[in-house]
Amino acid sequence: MKKITIAIDGHSSCGKSTMAKDLAREVGYVYVDTGAMYRSVTLYALRHNLFNADGSVKTAELEQQMPQIQISFKFNAETGRPDTYLNGECVEKEIRSLEVSNHVSPIAAVGFVRTAMVAQQQQMGKDKGVVMDGRDIGTTVFPDAELKIFVTASAEVRAQRRFDELKAKGMPADFDDILKNVQERDYIDSHREVSPLRKADDAIELDNSYMTIPEQKQWLMDRFKEKI
Ligand code: C5P
């Protein structure tokens, strides 16, 4: 059967990764969470004091250290999903913290960070058979992807989902802080100079505010079947 490239872009915390992971597992494709890559660079920057007091990035220092930041994914048989590794350490849990969420958008706006991440993403998807989720997959990483989806939902619905997810993992969570973070990331992600978040002209839009996960799964599977 022919293999295609699937690009799933959209706003923060709108359930993109759940949809993307489930589809990848079902059709036997590789799943790549590109947000986890920007989050890993952010965790590295936090650990190495690469933020100024005002939250901006110490770009000269970060640029120097970029070659030392190695990000990889390893399949976790227990969860059935890939875990993210930063320089050989599994950071899957650490990269989901609110501290990382609060610092990731300025990191993702840095040009040389994006260039490095995009090159690695293109390499990972070069043989097709990949479901990649992010913000710029359909516009920049794989503009020729056969199936492009742009997912969105209201900011309140997204904050509630993120809140429930953190609570379920036993991590600290405050709804108002999360809502503020979701809104701030939407703003920075859509207004940055390099690869701003926007729907590709040929992407299919999905507002999943009032859809259940099985409904989204079915919707995505139907779009996939139309393409193969
Ligand atoms: O998808 P997730 O919410 O984990 O992504 C975290 C952040 O990484 C986003 O808010 C965005 O700033 C950045 N990102 C990006 N481009 C991507 C994926 C994520 O700029 N392809």
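## Angles and model

Axes are lines fitted to C-alpha atoms, for helices over the stretch in contact, and angles run from 0 to 180 degrees between N-to-C directions. The model described here is predicted.

## The annotated span

UniProt, in an unreviewed entry, lists residues 6-215 as "domain: Cytidylate kinase". In the model, helix accounts for 46% of that span and strand for 18%. The C-alpha atoms at its two ends are 19 Å apart.

## The five-strand sheet

One open sheet has five strands with parallel pairing. Their order is β2-β6-β1-β7-β8. At the edges stand β2 (30-33) and β8 (204-207). Each has a single partner strand, so one side of each is left without a neighbour in the sheet. From one strand to the next, the twist averages 20°.

At the β2 edge, the partner is strand β6 (residues 130-134). Four bridges join β2 and β6 in the parallel sense. V30 stands opposite V130 of β6.

## Helices across this sheet

Which strands does α1 lie across? They are β1 (5-10), β2, β6 and β7 (147-152). The direction of α1 is at about 175° to that of β6. Helix α9 lies across β7 and β8. Its angle to β7 is about 160°. Strand β7 thus appears in both lists: α1 lies across it, and α9 does too.

## How α1 meets α9

Two packed helices are described by the angle between their axes and the distance between the axes. Here the pair is α1 (residues 16-27) and α9 (residues 213-227). They pack at an angle of about 55°, and their axes are 10 Å apart. That makes α1 oblique to α9. The crossing of the two helices is right-handed.

Which residues make the contact? From α1 come T18, M19, D22, L23, E26 and V27. They meet I213, Q216, K217, L220, M221 and F224 of α9. By class, the contact has seven nonpolar, two polar and three charged residues.

## The three-strand sheet

A second open sheet has three strands in the order β3-β4-β5. Its pairing is antiparallel. The edge strands are β3 (71-76) and β5 (89-90), each pairing on one side only.

β3 and β4 (residues 81-86) run antiparallel and are joined by six bridges. Two of the partner pairs can be named. I71 is bridged to L86 in β4, and N76 to R81 in β4. Helix α2 (residues 34-47) packs on this sheet and touches β3 and β4. The direction of α2 makes about 30° with that of β4.

## Two hairpins

How many residues lie between β3 and β4 in their hairpin? There are four. In this turn, G80 has a positive phi of about 75°.

β4 continues the pattern with β5, again as a hairpin, with two residues between the strands. N87 takes a positive phi near 45° in this hairpin. The strands β4 and β5 pair in the antiparallel sense over two bridges. Y85 stands opposite C90 of β5.

## Picture in brief

One sheet is parallel, with five strands; another is antiparallel, with three. On the five-strand sheet, α1 lies across β1, β2, β6 and β7, while α9 lies across β7 and β8. On the three-strand sheet, α2 packs against β3 and β4.

Key: Residues numbered from 1 in each chain as written. Predicted model: local features only at pLDDT ≥ 70, side-chain atom pairs only at ≥ 80, totals over all residues. UniProt positions renumbered as here; feature names shortened; annotations may be inferred. Pairing = 2+ DSSP bridges. Contact = placed C-beta atoms within 7 Å. Parallel < 35°, antiparallel > 145°, perpendicular 65-115°, else oblique. Left-handed = near helix turned anticlockwise from the far one by under 90°. Nonpolar A, V, L, I, M, F, W, Y, C, P; charged D, E, K, R; others polar.
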